[in-house]
Amino acid sequence: MTSRRKRNLILVAKWVCYFVVLLLAATLQSLPGFLQIAGVKPLFILPVCLGVAVYEGEYPGAFFAIAGGLLWDWTAGRVSGLMALGLMVVCFTASMLVEMYLRVNFINFVLVCGACCLLVTSMDFLFYYLMPGYAAPAQRYLTMVLPMSLYSALLSPLAMIAVRWIAGRFVPDNQ
């Protein structure tokens with residue numbers, strides 16, 4: 001049996017590692033031109049938040065998604081709260097979906113991440129592009145939002161590997 005203090009230290013170390021990965025994801029997501037293909041950049045914050053929600057449960061994942069959404073809003077220079085709310089709902093729902101109906105594997109994670117990326121980027125497109133009345137919204141949606149969701153889903157196993165390693169590494173002993 002591990003002591004209560006050691007279990008608390010392991011828990012704190014695990015969440016610190018999750019936040020370091022989140023900061024790394026935010027840095028990669030905000031780097032200009034990093035992994036950009038035809039003007040489309042992948043999302044890194046959303047797959048990390050989804051990975052934490054899948055491995056840690058719906059409530060810790062939702063709170064982590066709020067932090068990730070606020071970080072995303074802050075690094076993108078947007079009004080604070082929209083991405084936090086969107087990520088919270090998406091991560092909570094995805095965690096419940098995986099817990100009740102799906103197994104945790106790469107294919108399911110890629111599919112869930114693709115659907116969540118499509119939902120979050122569509123919400124962002126609605127509020128920041130379509131509602132202000134910019135020109136050619138259909139073209140923008142087809143050339144930016146859909147490829148971004150697909151590109152992010154294809155790179156999401158990297159986030160899953162990192163989160164799974166952290167979740168498996170920081171487990172208290174039960175001897």
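Which helix does Ser149 lie in? Ser149 is in helix 6. The model discussed here is predicted.

## Ser149 and its surroundings

Ser149 has a relative accessible area of 5%. Because buried means under 20% relative accessible area, Ser149 is classed as buried. Its side chain is engaged in a polar contact with the side chain of Thr121, at 3.2 Å.

When residues up to four places away in sequence are not counted, Ser149 touches Gly114, Cys117, Leu118 and Thr121. Thr121 is therefore both a residue touched by Ser149 and the partner in the side-chain polar contact described above, with contact in general meaning heavy atoms within 4.5 Å.

## Asp73 in helix 3

Asp73 belongs to helix 3, which covers residues 58-76. Asp73 is buried but has no salt bridge. The nearest side chain of opposite charge is that of Arg78, 6.4 Å away. A salt bridge needs a side-chain nitrogen of Lys or Arg within 4 Å of a carboxyl oxygen of Asp or Glu, so Arg78, at 6.4 Å, does not supply one to Asp73.

A polar atom of the Asp73 side chain does lie 3.5 Å from the backbone nitrogen of Leu82. With neighbours within four places in sequence left aside, the residues in contact with Asp73 are Arg78, Val79, Ser80, Gly81, Leu82, Met83 and Ala84. Leu82 and Arg78 are thus among the contacts of Asp73, where contact is defined as heavy atoms within 4.5 Å.

## Phe44 between helices 1 and 2

Phe44 sits in the loop between helix 1 (4-30) and helix 2 (45-56). Its relative accessible area is 13%, so Phe44 is buried. The residues in contact with Phe44, apart from neighbours within four places in sequence, are Ala25, Leu28, Gln29, Phe34, Leu35 and Leu155.

Val20 and Phe44 are 24 residues apart along the chain, and their C-alpha atoms are separated by 13 Å.

## Gly51 in helix 2

Gly51 is located in helix 2. Its relative accessibility is 0%, which means that Gly51 counts as buried. Neighbours within four places in sequence aside, Gly51 is in contact with Phe109 and Val163.

Leu158 is 107 residues from Gly51 in sequence, while the C-alpha atoms of the two residues are 9.9 Å apart in space.

## The largest pocket

The largest pocket has a volume of about 550 Å³. It is lined by 23 residues, of which Leu43, Trp72, Arg78, Asp124 and Met148 are the closest to its centre. Two or more lining residues come from each of helix 1, helix 3, helix 5 (106-130) and helix 6 (137-169). Helix 5 contributes the most, with five residues.

Arg78, one of the residues closest to the centre of this pocket, is also the residue whose side chain is the nearest of opposite charge to Asp73.

## The cavity

How many cavities of 30 Å³ or more does the structure hold? There is one. The largest cavity has a volume of about 40 Å³, and its lining consists of Val54, Val98, Arg103, Val104, Asn105, Asn108, Phe109 and Val112. Helix 5 provides the largest share of this lining, three residues.

Phe109 appears in the cavity lining and is also in contact with Gly51. Helix 5 gives the most residues to the lining of the largest pocket and the largest share to the lining of the largest cavity.

Terms used: Residues numbered from 1 in each chain as written. Predicted model: local features only at pLDDT ≥ 70, side-chain atom pairs only at ≥ 80, totals over all residues. Heavy atoms only, no water. Helix = DSSP H or I, 4+ residues; strand = E, 2+ residues; numbered from the N terminus. Buried < 20%, exposed > 50% of the residue type's maximum accessible area, 1.4 Å probe, protein only. Lys, Arg positive; Asp, Glu negative; His and termini not counted. Polar contact = N/O pair within 3.5 Å; in protein donor to acceptor, adjacent residues only side chain to side chain. 1 Å grid on protein atoms, 1.4 Å probe; cavity = no way out; pocket = protein on both sides within 12 Å on 5 of 7 lines; lining within 4 Å. Points joined across faces, edges and corners; volume = space filled by probe spheres on them.
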